[in-house]
Amino acid sequence: MDPKIIVNQFLGSVEILSIMPIENGLINHTFLVETESGKFILQQINTFIFKNPNAIQNNHLKINEILDRSGYSKKTVKIIPTLSNDLLFEKNNKTWRMLEYLENSVTFLKPSSTEIAFEATKCLSEFYKIINQEQIILEETLPDFINFEKRVNDFKTALIQETERKKTAEKEINFILEYLSLPEKWIELQNQESLPNRVIHADPKISNILFDNENKAIAVIDLDTMMNGTILYDFGDMIRSYTNNSDEDEGSVSDNFDAENYVAVKDGFLFYLKETLTPIELENLDYAAQLITYIQAVRFLTDYLNHDIYYSVKYDLQNLDRTKNQINLLKGLQLFLN
């Protein structure tokens, strides 16, 4: 369907100046829409991944309400409803939504300096501090997202079923199998309910932080993955994404870990949370950093063995290259921590 027709469902008969794809996401299809009345974000939600898109919108509204009434110092991104006041537009088995575009904002695909890494994670630290001041139960959008026992079992299943790609990925498969005991502590902590249940972002990469022209963080965006879970997941994913000084599908770079960014990320993360986190959370930060990097390698490799059914790919070996990248990152991280 012509994106212009979709835009009209939200904005009416406005003059559309341009519709440009934003291609740095791995899941949804996103467009920047410029009209005579301003700019907007248009997204086709990947309902293969997000099977309950209404839950995404409901969670977004709930988070915005909490932030707006709590004296939050940053901006929030508003949902633009359709002309019939619906949060989503559905047509031809495709689901669309529109969001406010924050003018004069800048995004980074990776930190350009330790100062940027610190500023981004400090922004997230404040975000977590505020949204966890009260008990919130969010609707489930990604069942079993941080169920690492399932992630490991999915890998094992793919390994049994796949034959064609196993030879190409033999080295990476052997690495994953060698470290298969790494998630055991996490699984035990989760099964014993030893980790506090908090509201987390679940995708805290730096491209989900908006900055102004002076490199000050102004907003946390992309609330699709918001869920209840352990905040250790988000810290680990920050380390995984912020300390990687190469592109995520660059599989040939062996020294892609940035130790200075590790320190900056931890300092930023703890800026508002140091007195809030429990001892068990604080003592497992370094472990979470290693584990989430490992699990991401497992996920990329599983998808490669499954012939790329989850992550968008532009070439056949991209998920394997992503796997190699995460493995190299984990090796650098472990060398630094040990």
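Reader: Is Lys78 buried, partly exposed or exposed in this model?

Author: Lys78 is partly exposed, with a relative accessible area of 34%. Keep in mind that the model is predicted.

Reader: Which residue does Lys78 form a salt bridge with?

Author: The general idea comes before the case. Side chains of opposite charge can pair when their charged atoms come close. Here Lys78 forms a salt bridge with Asp68, and the closest N and O atoms are 3.0 Å apart. This pair links distant parts of the chain. Asp68 sits in helix α2 (residues 53–68), while Lys78 lies in the loop between α2 and β4 (79–80). They are 10 residues apart. Asp68 has 47% relative accessibility and counts as partly exposed.

Reader: How many salt bridges does the structure hold?

Author: The structure holds 12 salt bridges. One of them joins Asp286 and Lys266, at 2.8 Å from N to O. That pair also links distant parts of the chain: Asp286 is in helix α10 (residues 285–305), and Lys266 is in helix α8 (residues 259–270). The two are 20 residues apart. Asp286 is partly exposed at 28% relative accessible area. Lys266 is partly exposed too, at 22%.

Reader: Which residues are linked in a network of salt bridges?

Author: Asp237, Arg240 and Glu248. Within that network, the side chains of Glu248 and Arg240 meet at 2.9 Å, N to O.

Reader: Are Glu248 and Arg240 buried or partly exposed?

Author: Take each in turn. Arg240 counts as buried, at 7% relative accessibility. Glu248 counts as partly exposed, at 27%. The cut-off for buried is under 20%.

Reader: On to helices. Which residues of helix α1 are buried?

Author: Start with the geometry. An α-helix has 3.6 residues a turn, so residues three or four places apart point the same way. Now the case. In helix α1 (residues 3–11), the buried residues are Ile6, Val7, Phe10 and Leu11. Seen down the axis of α1, they fall within an arc of 120 degrees, so they line one face of the helix.

Reader: What do the buried residues of α1 pack against?

Author: Strands. They pack against β1 (16–22), β2 (29–35), β3 (38–45), β4, β5 (89–91) and β6 (94–100).

Reader: Which residue follows α1?

Author: Gly12 follows α1. Its phi is positive, near 80 degrees.

Reader: Now cavities. How many of 30 Å³ or more does the structure hold?

Author: It holds 2. The largest has a volume of about 60 Å³. The second largest has about 40 Å³.

Reader: Which residues line the largest cavity?

Author: Read a lining in two ways: by residue, then by element. The residues are Phe145, Phe148, Arg151, Tyr233, Asp237, Arg240, Ile292, Ile295, Gln296 and Arg299. Among them are Asp237 and Arg240, both part of the salt-bridge network. By element, α4 (148–161), α7 (231–242) and α10 each supply at least two residues. The largest share, 4 residues, comes from α10.

Reader: How does the lining of the largest cavity divide by class?

Author: It has 5 nonpolar, 1 polar and 4 charged residues.

Reader: Which residues line the second largest cavity?

Author: Tyr128, Lys129, Asn132, Arg198, Ile231, Leu273 and Thr276 line it. By class, they divide into 3 nonpolar, 2 polar and 2 charged.

Methods
Residues numbered from 1 in each chain as written. Predicted model: local features only at pLDDT ≥ 70, side-chain atom pairs only at ≥ 80, totals over all residues. Heavy atoms only, no water. Salt bridge = Lys/Arg side-chain N within 4 Å of Asp/Glu carboxyl O. Buried < 20%, exposed > 50% of the residue type's maximum accessible area, 1.4 Å probe, protein only. Arc of directions from axis to C-beta. Contact = heavy atoms within 4.5 Å. 1 Å grid on protein atoms, 1.4 Å probe; cavity = no way out; pocket = protein on both sides within 12 Å on 5 of 7 lines; lining within 4 Å. Points joined across faces, edges and corners; volume = space filled by probe spheres on them. Nonpolar A, V, L, I, M, F, W, Y, C, P; charged D, E, K, R; others polar.
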